[in-house]
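Here are a few short exercises to work through with the model open beside you. Try each task before you read its solution.

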Amino acid sequence: ALNLRINMLSSLDVQHCPDQENEWFQALPNLTKLDAGQNHISMLTLSGGLENLPLSTLELDQNRITSQSLTDSPLNNINNATQLVRHLRFLNLSSNKLTCLPSIIFKLTNLNTLILSHNQICTLQQDQEYSSSS
């Protein structure tokens, strides 16, 4: 488990860290839990190797993630071969700025717990991006 809770992170993107590209997550190949709650994350890029970790738990509560930022995220283009899609079982997106169901959740076929409380969700319909591509 890696606990990054209550910091000042604005992104989980490590690709732009000089001398540490991909090394950061390659050093943790068996990481199954990442807690990045209570930060300032607004864009969920998940690049730099994080998408290839066998995460079963991803805590992103109390950040600044919006429905649009998830739709625009490269994460939304993840294919079924990635570790994240295959292993993620628990996703906490509570206390963010979501207004609709993010389409990425429909790609996480093994997800069994999804926490979306304390957002600004007005409808239980999935966002338009997912509806038009299915």
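**Exercise 1. Find which residues of the largest nonpolar core touch the most other members, then list the contacts of Leu55.**

Solution. Keep in mind that you are looking at a predicted model.

Step 1. The largest nonpolar core holds 27 residues. The members touching the most others are Leu12, Leu34, Leu55, Leu60, Leu88, Leu91 and Leu93.

Step 2. Now pick Leu55 and set aside its neighbours within four places in sequence. What remains in contact with Leu55 is Leu31, Thr32, Lys33, Leu34, Leu50, Leu84, His87 and Leu88. Leu34 and Leu88 from this list are also among the core members named in step 1.

Step 3. For background, nonpolar side chains tend to be buried together in soluble globular proteins.

**Exercise 2. Count the salt bridges and work out how they are connected.**

Solution. The rule asks for a side-chain nitrogen of Lys or Arg within 4 Å of a carboxyl oxygen of Asp or Glu.

Step 1. Applying it gives two salt bridges. One joins the side chains of Arg5 and Asp35, with 3.0 Å from N to O. This pair links distant parts of the chain, 30 residues apart: Arg5 sits in the loop between β1 (2–3) and α1 (23–26), and Asp35 in strand β2 (residues 33–35).

Step 2. The other joins Asp61 and Arg5, at 2.8 Å from N to O. Asp61 is in the loop between β3 (57–59) and α2 (67–72) while Arg5 is in the loop between β1 and α1, so this pair ties together parts 56 residues apart in sequence.

Step 3. Put the pairs together: Arg5, Asp35 and Asp61 form a network of salt bridges.

Step 4. Check the burial of each partner. Arg5 is partly exposed at 23% relative accessibility, Asp35 is buried at 9%, and Asp61 is buried at 6%.

**Exercise 3. Describe the surroundings of Asp35 beyond its salt bridge.**

Solution. Step 1. Start from the backbone: the side chain of Asp35, a residue of strand β2, reaches the backbone nitrogen of Gly37 at 3.0 Å.

Step 2. Then, leaving out neighbours within four places in sequence, collect the contacts of Asp35: Leu2, Asn3, Leu4, Arg5 and Glu59.

**Exercise 4. Locate Leu70, decide whether it is buried or exposed, and give its C-alpha separation from Met43.**

Solution. Step 1. Leu70 belongs to helix α2.

Step 2. Its relative accessible area is 5%, so Leu70 counts as buried.

Step 3. Between the C-alpha atoms of Leu70 and Met43 the separation is 7.1 Å, although the two residues are 27 residues apart along the chain.

**Exercise 5. How many disulfides are there, and what is the state of Cys100 and Cys122?**

Solution. Step 1. The test is a pair of cysteine sulfur atoms within 2.5 Å, and the count comes to zero disulfides.

Step 2. For Cys100, the nearest cysteine sulfur is that of Cys122, 8.7 Å away, and Cys100 is in no disulfide. Likewise Cys122 is in no disulfide, and the nearest cysteine sulfur to it is that of Cys100.

Step 3. Finish with accessibility: Cys100 counts as buried at 13%, whereas Cys122 counts as exposed at 71%.

Key. Residues numbered from 1 in each chain as written. Predicted model: local features only at pLDDT ≥ 70, side-chain atom pairs only at ≥ 80, totals over all residues. Heavy atoms only, no water. Core = buried A, V, L, I, M, F, W, Y, C linked by side-chain atoms within 4.5 Å. Buried < 20%, exposed > 50% of the residue type's maximum accessible area, 1.4 Å probe, protein only. Contact = heavy atoms within 4.5 Å. Helix = DSSP H or I, 4+ residues; strand = E, 2+ residues; numbered from the N terminus. Polar contact = N/O pair within 3.5 Å; in protein donor to acceptor, adjacent residues only side chain to side chain.
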